[in-house]
Amino acid sequence: SSVAINLANGSLPEDFRWSSYPLYYLFVIPIVIGAVLVRDPLRQFVLGTRAALLVLAVWGLAEVAAGALRPGCGANPANAAFSISFLAVVSRLNVGSAPMLLSNRHVFFYLGLIAVLITQTRALLPVFVVGLVIDIFGLLRNKASGRMPGNPRSIGIAAVALASCLAITSIIYPIYADRIGSTFGEIRHAVQNSDSTTTNGLSIRFAQWRAAVSLIADNPLLGRGGAGISEEIVRHKPKGFSGDLTQFTFVHNFILDETIQRGLVGLAILAGYFGFCLFRIYRYGDASMKENVLLIIVLTFSFGLLHYLLVKDRHVILYALYFL
C-alpha cells in the first residue's frame with residue numbers, strides 16, 4: 001500500500017530510498033523464518049540486548065573518560081540513544097532459563113539509561129521515568145503481598161548492580177544538567193517568540209513543523225514523497241525565521257514526515273499497522289510483554305515527536321524485528 005501511494009503521488013522511482021522504508025517490515029520475514037533453526041529465538045534476542053547494554057554502558061563511560069563531549073558509540077548521538085533505549089526496553093522481557101549474569105532483572109534497563117545520559121539526548125528521558133515508575137509500583141505491590149522474588153544472593157547481586165548504576169548516573173548527571181538547563185531556555189525563547197536572530201533546537205523544530213503543515217496542505221491525501229524536502233521546507237518556512245533549514249531532509253516529527261511522504265492515507269495505514277502489531281503483542285503476551293508495549297509506545301512518541309524516527313534504516317529495522 002505504501003509503495004502504491006508513492007507510485008500514485010509520482011515520487012517513484014526518483015524517491016526510492018524514502019519510499020522503500022516500509023518494505024523493511026516485509027523483508028525481515030526471511031530472518032524470522034530462519035529463526036526456526038534457533039531454539040527459543042526470543043530468548044536469544046533478549047539475552048543479546050542485555051549483553052549489548054552492558055558493553056554500551058562501558059563503551060560510553062570510556063568515551064567520556066577520554067574527553068568526548070557527546071559520544072554516540074560511533075553514530076549520531078540521538079540515533080544511538082534511540083537504539084540503546086529500544087534495546088533497554090526489550091531487555092525487560094522475561095525469558096526462560098536465563099543465565100545468572102543475564103537474568104530477568106531490570107538492571108540492564110538502567111544500564112541503558114547510563115548510555116543514553118552519556119549521549120545527552122533529552123527526548124528519551126520519559127521512557128526511563130515511566131519504566132522507573134512501573135518498577136517502583138511493582139516492588140511496592142510485591143512487598144505488600146509478601147512476594148519478593150529471588151533468593152538472598154541474587155537479590156544482593158541485583159542491589160549492588162542497581163546501586164552501581166545509580167552511582168554512575170549521579171556522576172554523569174552534572175554533564176547532563178547543562179542540557180536540561182538549555183531545554184528550559186529553549187522553551188522560554190519559543191514561548192516568548194523573541195525577535196532575536198539566534199535560533200535553537202526547539203525554535204528550528206517549530207519553524208519546520210509550521211512549514212510542514214503548509215507543505216502538507218498542498219497534497220493532503222497522498223503526500224508528495226521525500227525528494228527535495230529541504231528546498232520545499234525552506235520555501236514554506238515562516239516569514240521572519242532566519243535559521244538555516246537547508247541541512248534537514250526531515251522535519252523532526254515522525255507524524256509530519258509520514259504525512260509529507262504519503263499523505264493522510266499513508267499516515268492512516270502506518271497507524272493501523274503499528275496499532276495492529278502492538279495490540280496483538282499486548283493481547284497474547286505475558287505481563288512483561290504488556291508492560292513492554294506501553295514502554296515502546298512511550299519511546300515512539302517521546303522520540304518521534306522531536307526527531308526523525310521512521311526515515312532512518314536502523315530505527316525501522318528495530319521495529320520490524322520487534323513486531324515479528
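The following dialogue works through helix packing in a predicted model.

Student: What makes the protein chain an all-helix case in its listing of elements, and how many helices and strands are there?

Tutor: The protein chain has 14 helices and zero strands, and from the N terminus on every entry in the order of elements is α.

Student: Why is helix 6 called roughly antiparallel to helix 13?

Tutor: Helix 6 (residues 77–90) and helix 13 (residues 287–304) pack at an angle of about 170°, with their axes 10 Å apart. Angles over 145 degrees count as roughly antiparallel, and that makes helix 6 roughly antiparallel to helix 13.

Student: Which residues of helix 6 and helix 13 meet, and of what class are they?

Tutor: Residues including Phe82, Phe86 and Val90 in helix 6 meet residues of helix 13, among them Leu295, Leu299 and Phe303. By class, this contact of helix 6 with helix 13 has nine nonpolar, three polar and no charged residues.

Student: Why are helix 6 and helix 7 described as roughly antiparallel too?

Tutor: The axes of helix 6 and helix 7 (residues 107–119) cross at roughly 175° and come within 9 Å; since the cut-off is over 145 degrees, helix 6 and helix 7 are therefore roughly antiparallel to each other.

Student: What residues make up the contact of helix 6 with helix 7?

Tutor: Helix 6 contributes Pro77, Ala81, Ile84, Ser85, Ala88 and Val89, which meet Phe109, Gly112, Ala115, Val116 and Thr119 in helix 7. Eight of these residues are nonpolar, three are polar and none is charged; Gly112 belongs with the polar ones, because Gly counts as polar here.

Technical notes. Residues are numbered from 1 along each chain as its sequence is written. This is a predicted model: local features need pLDDT of at least 70, side-chain atom pairs count only at pLDDT 80 or more; totals for chains, interfaces and linings use all residues. Side-chain values use heavy atoms; hydrogens and water are left out. Helices (H or I, at least four residues) and strands (E, at least two) are DSSP runs, numbered from the N terminus. Axes are lines fitted to C-alpha atoms, for helices over the stretch in contact, and angles run from 0 to 180 degrees between N-to-C directions. Angles under 35 degrees count as roughly parallel, over 145 as roughly antiparallel, 65 to 115 as roughly perpendicular and the rest as oblique. Contact means heavy atoms within 4.5 Å.
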